[in-house]
Amino acid sequence: MTTDEVRESYRARAGEYIDLLGSIDDTSPVDRALVADWAGAADGPILDVGCGPGHWTAFLHTAGAEVVGIDPVEAFVEHAARSYPDVDYRLGRVDDLGVDEESVGAILAWYSLIHLPPADLDAALLECARVLVPGGSLLVGFFEGPDLAPFDHAVTTAWFWPIPELTRRIEGAGFTVAGTWSRHDDGARPHGAIRATRAG
């Protein structure tokens, strides 16, 4: 599954996705607390990579962060700009963020890496490392599982990542992992999060 194929899959179901999951109220309070705490410690502008309908970007903006939402799907960017006109949204891809080297203080990649095949993940993480300042922070949200394995996501194929394996990949891209979290809610797939800092 290439990044272009993922984009086309989300283009085809953008309206449905916005209706079902396009509000911050659809997110877990636990996740909101984690993201808010992480953003409060960020030093410099934040990129919300794969921002989708823009609700997490707006959440960070409301919390006082300087933040830009980036997504490859035009319908998501257009919806976000209409819904949150005071927030900056742009077209962009995780493997080509379109910003200068060492120009960003933090990156939120909240379920935006889940569709990348394992062979493509390293390039995306290296692109995140490229644009972050030394000491900049990365927060990744993902589906956690005991084995690295694909599954049939509602939009297109996604991957379960064991926390130790994703930690290894993130560290291999030049980060130091500062914390990991997992949560297993009834009726939902297991959730994981990793917070890391770009090495200096």
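This report looks at salt bridges, a buried helix, nonpolar cores and unusual backbone angles in one structure. The model is predicted.

**Charged pairs**

Side chains of opposite charge can pair when their charged atoms come close. Across the whole structure, a search finds ten salt bridges. Three of them are listed here, each with the distance between N and O atoms.

| Salt bridge | N to O distance |
|---|---|
| R90 and D88 | 2.8 Å |
| R169 and D122 | 3.1 Å |
| R183 and D185 | 2.8 Å |

Take R169 and D122. R169 sits in helix 7 (residues 163–172), while D122 sits in helix 6 (residues 118–131), so their salt bridge ties together parts that are 47 residues apart in sequence. How buried or exposed are the two partners? R169 has a relative accessible area of 15%, so it counts as buried. D122 reaches 34%, so it counts as partly exposed. This pair also belongs to a network of salt bridges, which links D122, E165, R168 and R169.

The pair R183 and D185 also joins a buried residue to a partly exposed one. R183 is buried because its relative accessibility is 18%, and the cut-off for buried is under 20%. D185, at 36%, is partly exposed.

In the pair R90 and D88, R90 is partly exposed at 39% relative accessibility. D88 is partly exposed too, with a relative accessible area of 31%.

**A helix inside**

Now turn to helix 4, which covers residues 55–62. Why is this helix described as largely enclosed by the rest of the structure? Six of its eight residues are buried, so the rest of the structure largely encloses it. The buried residues of helix 4 are H55, W56, T57, A58, F59 and L60. Just after the helix comes G64, where phi is positive, at about 105°.

**Nonpolar cores**

Which residues have the most contacts inside the largest nonpolar core? They are L47, I107, L113, I170 and F175, in a core of 36 residues. Helix 6 gives this core its largest share, six residues. Helix 6 is also the helix that holds D122, the salt-bridge partner of R169.

L47 is worth a closer look. Neighbours within four places in sequence are left aside here. L47 is then in contact with V68, I70, L97, V99, V104, A106, I107 and L108. One of these contacts, I107, is itself among the residues with the most contacts inside the largest core.

Another core lies apart from the largest one. It has 15 residues, among them V35, A106, L108 and L139. Two of its members, A106 and L108, are also in the contact list of L47.

**Positive phi outside glycine**

Most residues other than glycine have a negative phi, and most peptide bonds are trans. Two residues here have a positive phi without being glycine.

E102 has a phi near 55°. Where does E102 lie? It is in the loop between strand 3 (88–91) and strand 4 (104–110). E102 is partly exposed, with a relative accessible area of 38%. Strand 3 takes in residues 88–91, and a salt bridge joins R90 to D88.

Y111 has a phi near 60°. This residue is found in the loop between strand 4 and helix 6. Its relative accessible area is 22%, so Y111 counts as partly exposed.

Methods. Residues numbered from 1 in each chain as written. Predicted model: local features only at pLDDT ≥ 70, side-chain atom pairs only at ≥ 80, totals over all residues. Heavy atoms only, no water. Salt bridge = Lys/Arg side-chain N within 4 Å of Asp/Glu carboxyl O. Buried < 20%, exposed > 50% of the residue type's maximum accessible area, 1.4 Å probe, protein only. Helix = DSSP H or I, 4+ residues; strand = E, 2+ residues; numbered from the N terminus. Core = buried A, V, L, I, M, F, W, Y, C linked by side-chain atoms within 4.5 Å. Contact = heavy atoms within 4.5 Å.
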